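Here are a few exercises to work through with the model open in your viewer. Try each task before you read its solution.

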Amino acid sequence: MIVHLLEFRAVPGHEGEVAGYLSHRALAAPPADGLISRLVGRRLSAQGREHLAATTWRDEASFDRGTRDEGLPEYLRPTASMLGDKASTRYRVVASTGLGSEGARVLRLYRTTIAADSAELWKARTLESIGQLVSKEGLLSMVAGVCFDGDVSTERAGDVGIAVMTAWTEWNRLLVATGGRLNEAILDTELADLEGPATTDHFELLGEDPGPG
């Protein structure tokens, strides 16, 4: 499976139109062949990019068929001319608790880098940490992935980007799970000996995934 992250801002003057489409129409569009799940969120901070479309695909072929230039999924096509400042990133899924997100209100995106020769160890230890994650109250799903070559710039040669995406029922549950340390890994799941400096972003989900059928 592939997780595709598209971060974007609305072109100035079209913020209202984009927000309306994302809130009321984006996830009602028919799913493309091979599309497994889709989530659209609005950043819970005034800094950085404002929106995120997180889309999971069966494989590279379905991703290629279901996206346009700059990785724009077909369900966002009606807003194409109103989206600017886009960043597209793909990750190969290596661990998951499942993709269900019914009732999710907050999407947490944890990103960092690891040495490429540590990738297999990181995958194995991430699989081990799933048991600790699923016990966190309010957690609905977790997906971890390793970035495609060239999709993320790294400071050191030989590093690769990784991401862990989690969906939560509410903000307070996430605060408890992190012990209030929102910019760090979730309690009891840290792999600090393998990972570099991390960034963490939080998004308010604008709609629930209707599923592929």
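**Exercise 1: an unusual phi**

Asp85 sits in strand E4. Keep in mind that this is a predicted model.

Task: work out what is unusual about the phi of Asp85, and say how exposed Asp85 is.

Solution. Start with the general rule: most residues other than glycine have a negative phi. Now check the residue itself: phi of Asp85 is near 50 degrees, so a positive value turns up in a residue other than glycine. Then look at the surface: the relative accessibility of Asp85 is 46%, and exposed would need over 50%. Asp85 therefore counts as partly exposed.

**Exercise 2: the fold**

Task: list the secondary structure along the chain, then find how the strands are arranged.

Solution. First count the elements: there are four helices and eight strands. Next, walk along the sequence, and you get β-α-β-β-α-β-β-α-β-β-α-β. Now go round the sheet: the eight strands close into a barrel, ordered E1-E3-E2-E8-E5-E7-E6-E4, with antiparallel pairing. Ignoring direction, neighbouring strands of this sheet are turned by 35 degrees against each other on average.

Zoom in on one pair to finish. Strands E5 (residues 106-115) and E7 (residues 159-168) run antiparallel and are joined by 10 bridges. Ile114 stands opposite Val160 in E7.

**Exercise 3: the two sides of H1**

Task: decide which residues of helix H1 are buried, and why they fall on the same side.

Solution. Pick out the buried residues of H1 (residues 15-24): they are Val18, Tyr21 and Leu22. These cover an arc of only 95 degrees around the axis, so they share the same side of H1. That fits helix geometry in general: with 3.6 residues a turn, residues three or four places apart point the same way. Turn to the other side of H1, and you find Gly16 and His24 exposed.

What does the covering? Strands E1 (2-10), E2 (35-43), E3 (51-57) and E4 (83-98) are among the elements over the buried residues of H1. H1 lies across E1, E2, E3 and E4, and runs at about 150 degrees to E1.

For a second helix, try H3 (residues 119-133): this one lies across E4, E5, E6 (139-147) and E7, running at about 180 degrees to E6.

**Exercise 4: the whole chain**

Task: find what share of the chain is buried and how much area the chain exposes.

Solution. Of the 213 residues, 48% are buried. The chain exposes about 10100 Å², and carbon and sulfur atoms supply 48% of that area. As for contacts between residues at least 6 apart in sequence, 78% join residues at least 24 apart.

Key. Residues are numbered from 1 along each chain as its sequence is written. This is a predicted model: local features need pLDDT of at least 70, side-chain atom pairs count only at pLDDT 80 or more; totals for chains, interfaces and linings use all residues. Side-chain values use heavy atoms; hydrogens and water are left out. Buried means under 20% relative accessible area, exposed over 50%, partly exposed in between (1.4 Å probe, protein chains only). The arc is that of the directions from the helix axis to the C-beta atoms. Contact means heavy atoms within 4.5 Å. Accessible areas come from the Shrake-Rupley method with a 1.4 Å probe; for residues, only the protein chains shown count as cover. Two strands pair if DSSP finds at least two bridges between them. Axes are lines fitted to C-alpha atoms, for helices over the stretch in contact, and angles run from 0 to 180 degrees between N-to-C directions.
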